[in-house]
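User: I'd like to go through this model and ask how some of its labels come about. Could you take me through the reasoning?

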Amino acid sequence: MNELFVPVALLSLAAMAVFMRYRSVCAEGLTLTNRSFVPFFGFLVIVASLSLYAVLGRSGDWQVKKADDSVAYLVTAKITEAQRRVEANPEDASAQQALAVLHLEVGQYEEAVERINRTIAIVGEHADLLGLKAFALYYRDGKQLTKETRMLIGEALVKNPLEVQTRMLLGQDAFTRGDYAQAIGHWKVLLDAGVAPDKERQLRNAIGNAERMMTRSQN
């Protein structure tokens, strides 16, 4: 790594300085008593050490960035593949929905809404699709429950009072507003009904956190 050149060079310079001074002293039959040399050597060692530390620290940051870039690359590749599926068969509702979910994962909420609308046009207004659209609109609009989003939520819950995405969204919004009791209520509905086994741990953690926040706010 080129960044290692400076600290390594400084350490080498310090070592060479010690060696040359040692030879000089030995030739004169003296001991190392030149005090001006000691601070100089110490300075070289400190600068080299700090440089090396900085390089190694940046190396750690580089590894994190490389991991983030790898994740972004994988998601981009998935989106590209999903788009190919959709282009090959525009009437494939599962492909449209899968692409919508990928857009949500990377924060492309407008694109997600578009794909959800196409999915609904193919299979109809199912509760889970309405809930997914409400979720996308909520984040697209800066975490606001607009009139359109509230209408979608109402329609989704009429079709299925236990629609997971919708209930989780309502709980999240209530928590954000500081209405912890309401948030707990929405999440407990899902937990008690057992309709989201893959999210059970997440729901328990969310409920526990809301309960702690509610207790703190009451004290």
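User: What makes the residues of the lining of the largest pocket divide into nonpolar, polar and charged?

Analyst: Happy to help; bear in mind that the model is predicted. The lining consists of Phe135, Gln165, Met168, Leu169, Gln172, Phe175, Trp187, Gln202 and Ala206. Phe, Met, Leu, Trp and Ala count as nonpolar, while Gln falls among the polar residues because it is on neither the nonpolar nor the charged list. The lining therefore divides into 6 nonpolar and 3 polar residues, with no charged ones.

User: How much space lies in that pocket, and which element gives the most to its lining?

Analyst: The largest pocket holds about 200 Å³ of space. Two elements give two or more residues to its lining, α7 (164–176) and α9 (200–218), and α7 gives the most, with 5 residues.

User: Why is Leu169 said to touch Ile153?

Analyst: Contact means heavy atoms within 4.5 Å, so that is the condition this pair meets. Leu169 also touches Ala134, Phe135 and Tyr138, leaving aside residues up to four places away in sequence.

User: What makes a set of residues a nonpolar core?

Analyst: The residues must be buried and joined through side-chain atoms within 4.5 Å. The largest such core here has 21 residues, and Leu169 and Ile153 are among those with the most contacts inside it. Its largest share, 9 residues, comes from α5.

User: Which residues does the second core include?

Analyst: That core is separate and has 14 residues, including Val164, Ala183, Leu191 and Ile207.

Notes
Residues numbered from 1 in each chain as written. Predicted model: local features only at pLDDT ≥ 70, side-chain atom pairs only at ≥ 80, totals over all residues. Heavy atoms only, no water. 1 Å grid on protein atoms, 1.4 Å probe; cavity = no way out; pocket = protein on both sides within 12 Å on 5 of 7 lines; lining within 4 Å. Points joined across faces, edges and corners; volume = space filled by probe spheres on them. Helix = DSSP H or I, 4+ residues; strand = E, 2+ residues; numbered from the N terminus. Buried < 20%, exposed > 50% of the residue type's maximum accessible area, 1.4 Å probe, protein only.
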